Amino acid sequence: MSKRLLPNHQNQRKERIRRSALRASLLWAALGLSSGCMVGPDYKRPTVETPTSFKWGESAASEKVRTGQNGQSAQPQTEGVSHNIRWRKALPQDVIAKGEWWKLFGDPVLDQLESQLSIGNQQIKLAFAQATGSRAQVGQALANFFPTVGAAPFYSNISFSQNQPFYLHQHEQPTVVNGQVVGQTQVGLPLSWQEYAIPGYAVYEADIWGQLRRGLESAKANAQASQAAYETVILSLHAELAIQYYLIRYIDAQLAVYKYMVDVFRDNLYLVQSRYDGGVANELDLARAKTDLATAQSQYIGLQKTRAQTENAIATLLGKPASTVRVAPNALRDAPPILPTYLPSDLLQRRPDVAQAERQMARANATIGMALGAFFPSVNLFAVGALLSDSAALLFNGSSRLWSIGPFINVPLFEGGRLVAGLEFARASYQAAVANYRQQVLSAFQETEDALAAIKILLDQQEAQNRTVTFAKQQYDVSLIRFKEGMVNYIEVDTTMRVWLSAQLLDVQILGTRYIALVSLIRALGGGWKDYSMRAMAAQPKVPSSSSETHPAGKKSG
């Protein structure tokens, strides 16, 4: 049995004090280095050229104010369009709740469908999972500021071959202490042995140049961009559902027109058949009447296919099988809600896709700092400690301890241009992000102006088309009377009836397009306006009582 000489207790205490002082010094040095400077540019929100209002956003009342008594423009047309345009700093306000903007339409069926969309849509669930993953990456970036500590206990039983060139035969050598033999010690490499070990380690990277802080900035910006992308998906899908819903209601209005006109065509065929049997009408008139009825019936059936496909699209949006969703027929009749008197352009700052583009700029800017920091030396502090013994009984003995501590400095000397290329790529990515953001803002203004123009122009077109339907109906009535009196052939009735049918279909189409344009405007604005300090919505205009006579389907499209 061997005997080892151990240092006395005083030497052990001094050694522990020295080690503790060294560790504390290294810790404070690391903290001091971590609070150093950050290389790379600090992010500043860019400016973008934006007007204060929309050129198509003025109501009819505002239009009258800008015109004279005789209807002539009181001011040059360029005024109100290009003034107050300046470069303004981006201030995303996508955190403002979008609310249940579809309730502006006052349609209980739409409200029910929209609530089901929020629960069952798979694209929303996918976007939510992606946003959650991006937030988790922030935690990963934050973890880089803390040391990595681990342990790896292991046991091994090692045996060597006697035929290896480095094998040394074992022999025993006496141990002499103070001239006395106290034991025998084996020297040389044994054939086999067991090893018990509990090693532990700690590694800490000092953030001298701010690479880790830039990485955290990048992760936060990326998480915010992912959250904005999630909000974009929600807004887009709710708007898409509303569009599909009003498309079905528009198709229902078309079907109502065709159903009514089929009855009209059938009555006319009965009339022509009676006159033909009496020898008054000719065979050509009878063929025309039959063709009109068959054509209307064919178009009515074809619309049902389009409606079924639209209904199936709604089912997919709801996250349900197409076979399980049915939307009850309900033709469009009333006009869509009226816009507020004034819509400021600041509403566009609520658009989540614009906020996403702005956050992507912040991420690209932080990447520049990370690429620039790669040019500087990196300092890692490491510490390794272990309990190592060839005997499990002596593993936790004080003599089984071993440790190592010190800094590790990595100085990049030659990278073959990799670091320079990485920095150039980061700067180019930032410039691309800036261009993408400004393009996104321009697209947002275009989409909004397109929707506003459609809403205003379609309103005027609807009024003109209502008159067209009235006049077409009058024309048909006169031609039918003339035919019954034998003054004209059926071709005149056929022509006027087709004009009347086309006028009704176009009138219904305009009404449906107005609803879709309003939904497109809400999507372009990043949500509704009811909860955004807007003025109260104007009351619905009263529809003339003659409207039900003008439109056989019973719709009110004023």
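These are my notebook entries on a predicted model of one protein.

**Entry 1: overview**

I started with the totals. The protein has 558 residues, and 38% of them count as buried. I counted ten helices and nine strands in its secondary structure. Then I looked at contacts between residues at least 6 apart in sequence: 84% of these join residues at least 24 apart.

**Entry 2: the strands**

I went to β7 next, residues 192-206. What does β7 pair with? I found β8 (residues 378-389) running antiparallel to β7, with eleven bridges between them. Two positions I checked on that pairing: Pro199 is opposite Ala386 of β8, and Ala206 is opposite Val379 of β8.

β3 (residues 148-151) is also antiparallel to β7, through four bridges. Here Thr148 faces Val203 of β7. β4 (residues 154-159) pairs with β7 as well, again antiparallel, over six bridges. For Ile158 I noted Trp193 in β7 as the bridge partner.

From β8 I moved on to β9, residues 401-410. These two strands run antiparallel and are joined by ten bridges. Leu381 has Pro407 in β9 as its bridge partner.

**Entry 3: two helices against the ruler**

I wanted to see whether α5 and α9 have the end-to-end distance expected of them. α5 covers residues 211-277. With 67 residues at 1.5 Å each, α5 should span 99 Å, and I got 95 Å between its end C-alpha atoms, which agrees. Right after α5 comes Gly279, with a positive phi of about 80°.

α9 covers residues 490-524. Its 35 residues should span 51 Å by the 1.5 Å rule, and the end C-alpha atoms lie 50 Å apart, so this one agrees too. Following α9 I found Gly526, where phi is positive and near 80°.

**Entry 4: the core**

How many residues make up the largest nonpolar core? I have 93 in my notes. Trp101, Phe105, Tyr246, Met261, Val519 and Leu521 are the ones with the most contacts inside this core. I then asked which helices feed it: α3, α4, α5, α6, α7, α8 and α9 each give at least two residues. The largest share is from α5, at 23 residues.

I looked at Met261 on its own. Leaving out residues up to four places away in sequence, Met261 touches Met497, Trp500, Leu501 and Gln504.

**Entry 5: rings**

I tallied eleven aromatic pairs. The one I examined is Phe105 with Tyr515: the ring centres are 6.2 Å apart and the planes are at 25°, so I logged the pair as stacked. Phe105 sits in the loop between β2 (86-89) and α3 (108-120) while Tyr515 belongs to α9, so the pair ties together parts that are 410 residues apart in sequence. Are Phe105 and Tyr515 buried or exposed? Both are buried. Together with Tyr245 and Tyr246, they form one aromatic cluster.

I also looked for charges over rings. Arg275 has its charged end over the ring of Phe483, 4.8 Å from the centre. Lys473 is over the face of Trp500, at 5.4 Å from the ring centre. Trp500 had already turned up in my list of Met261 contacts.

**Entry 6: three spot checks on helices**

Ser218 came first; it lies in α5. How buried is Ser218? Its relative accessibility is 9%, so Ser218 counts as buried, the cut-off being under 20%. Not counting neighbours within four places in sequence, I found Ser218 in contact with Arg363, Ala366, Thr367 and Met370.

Next was Thr306, in α6. I have Thr306 down as partly exposed because its relative accessible area is 32%. From the C-alpha of Thr306 to that of Ile251 is 8.0 Å, with their places 55 residues apart along the chain.

Last was Gln140, in α4. With a relative accessible area of 55%, Gln140 is exposed. The C-alpha atoms of Gln140 and Gly215 are 10.0 Å apart, and the two residues are 75 apart along the chain.

Methods:
Residues are numbered from 1 along each chain as its sequence is written. This is a predicted model: local features need pLDDT of at least 70, side-chain atom pairs count only at pLDDT 80 or more; totals for chains, interfaces and linings use all residues. Side-chain values use heavy atoms; hydrogens and water are left out. Rings of Phe, Tyr and Trp (its six-membered ring) pair if their centres lie within 6.5 Å; planes under 30 degrees apart count as stacked, over 60 as edge-to-face and the rest as tilted. Buried means under 20% relative accessible area, exposed over 50%, partly exposed in between (1.4 Å probe, protein chains only). A charge sits over a ring if NZ of Lys or CZ of Arg is within 6 Å of the ring centre and within 35 degrees of the ring normal. The expected span of a helix is 1.5 Å times one less than its number of residues. Contact means heavy atoms within 4.5 Å. Two strands pair if DSSP finds at least two bridges between them. A nonpolar core is a set of buried Ala, Val, Leu, Ile, Met, Phe, Trp, Tyr and Cys residues joined through side-chain atoms within 4.5 Å.
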